[in-house]
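Trainee: I would like to go through this structure with you. Can we take it question by question?

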Amino acid sequence: QIQLAESGGGLVQPEGSLRLSCEASGIMRSINSMAWFRQTPAKGRELVAIITSGDVITYAEAVKGRFTISMDNAKNTVYLQMTNLKPEDTAVYYCNARVITLMLGNLEVWGQGTLVTVSS
């Protein structure tokens, strides 16, 4: 069973910074991509950033220049460094991974979500 464990959310003031982490555990042949999504009642779930096994990175327009996604392949961990945070970044952030497992083949997995609140 593949699981994603997220950490790093919390309350931060506008223009502040936070770093989210997400570690994938379980028996996997490989990880094709890891990503961060965020969800609010108004906008639903939207992609924030994604990084592939080939280090191809894509950001949502709203976070370009402020957020940085990176992956430590040895630790099966993806990070999201968030700077210059704005109130509109407030959301539940979800980690996502697309992996290849030994028994089930391709699998998409979601974390439980971590709340980021940007407020003064």
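Trainee: Are D89 and R66 buried or exposed?

Mentor: Keep in mind that this is a predicted model. R66 has a relative accessible area of 8%, and buried means under 20%. D89 falls in the same class as R66, since the two are both buried. The word asked for is: buried.

Trainee: Where in the chain do D89 and R66 lie, and how many residues apart are they?

Mentor: The side chains of D89 and R66 meet in a salt bridge, with N to O at 2.7 Å. R66 is placed in the loop between β6 (57–59) and β7, while D89 is in the loop between β8 and β9. The pair thus links distant parts of the chain, and the separation is 23 residues.

Trainee: Which residues are linked with R66 and D89 in a network of salt bridges?

Mentor: A search of the whole structure finds five salt bridges. Side chains of opposite charge can pair when their charged atoms come close. The network that holds R66 and D89 also takes in R38 and E46.

Trainee: Which residues does R66 contact, leaving aside its neighbours within four places in sequence?

Mentor: R66 is buried, at 8% relative accessible area. One of its contacts is D89, the partner in the salt bridge. The full set is Q81, M82, T83, N84, L85, K86 and D89.

Trainee: How far apart are the closest N and O atoms in the salt bridge of E108 with R98?

Mentor: E108 is partly exposed at 41% relative accessible area, and R98 is partly exposed at 45%. E108 lies in strand β10 (residues 105–110) and R98 in strand β9, so the pair ties together parts that are 10 residues apart in sequence. The closest N and O atoms are separated by 3.5 Å.

Trainee: Is E61, which forms a salt bridge with K64, buried or exposed?

Mentor: The N to O distance between the side chains of E61 and K64 is 2.7 Å. K64 is partly exposed, with a relative accessible area of 44%. E61 has 62% relative accessibility and therefore counts as exposed.

Trainee: Which cysteines does the disulfide join?

Mentor: A search of the whole structure finds one disulfide. The link is left-handed, with -85° about the S-S bond, and the S to S distance is 2.1 Å. One cysteine is in strand β3 and the other in strand β9, 73 residues apart. The two are C22 and C95.

Trainee: What is the relative accessible area of C22?

Mentor: C22 is in strand β3 and is buried. Its partner C95 also counts as buried, at 0% relative accessibility. For C22 the value is 0%.

Trainee: Which strand gives the most residues to the largest nonpolar core?

Mentor: This core has 30 residues, and M34, W36, L80, M82 and Y93 touch the most other members. At least two residues come from each of β3 (18–25), β4 (28–40), β5 (44–52), β7 (67–72), β8 (77–82), β9 (91–101) and β11 (114–118). With five residues, the strand that gives the most is β9.

Trainee: What separates the C-alpha atoms of F37 and N96?

Mentor: F37 is in strand β4 and is buried, with a relative accessible area of 18%. Its contacts beyond four places in sequence include Y94, N96 and W110. F37 and N96 are 59 residues apart along the chain, yet their C-alpha atoms are separated by 7.3 Å.

Trainee: Which are the edge strands of the open sheet formed by four strands?

Mentor: The order is β1-β3-β8-β7, with antiparallel pairing. Between β1 and β3 there are five bridges, and Q3 has S25 as its bridge partner in β3. An edge strand here pairs on one side only, and the two that do so are β1 (3–7) and β7.

Trainee: Which residues make up the covered face of β11?

Mentor: In a regular strand the side chains alternate between the two faces of the sheet. β11 joins β2 (residues 10–12) through three parallel bridges and β9 through three antiparallel ones. L115 and T117 form the uncovered face, and the covered face is T114, V116 and V118.

Conventions:
Residues are numbered from 1 along each chain as its sequence is written. This is a predicted model: local features need pLDDT of at least 70, side-chain atom pairs count only at pLDDT 80 or more; totals for chains, interfaces and linings use all residues. Side-chain values use heavy atoms; hydrogens and water are left out. A nonpolar core is a set of buried Ala, Val, Leu, Ile, Met, Phe, Trp, Tyr and Cys residues joined through side-chain atoms within 4.5 Å. Buried means under 20% relative accessible area, exposed over 50%, partly exposed in between (1.4 Å probe, protein chains only). Two strands pair if DSSP finds at least two bridges between them. Contact means heavy atoms within 4.5 Å. A disulfide is a pair of cysteine sulfur atoms within 2.5 Å. A salt bridge is a side-chain nitrogen of Lys or Arg within 4 Å of a carboxyl oxygen of Asp or Glu.
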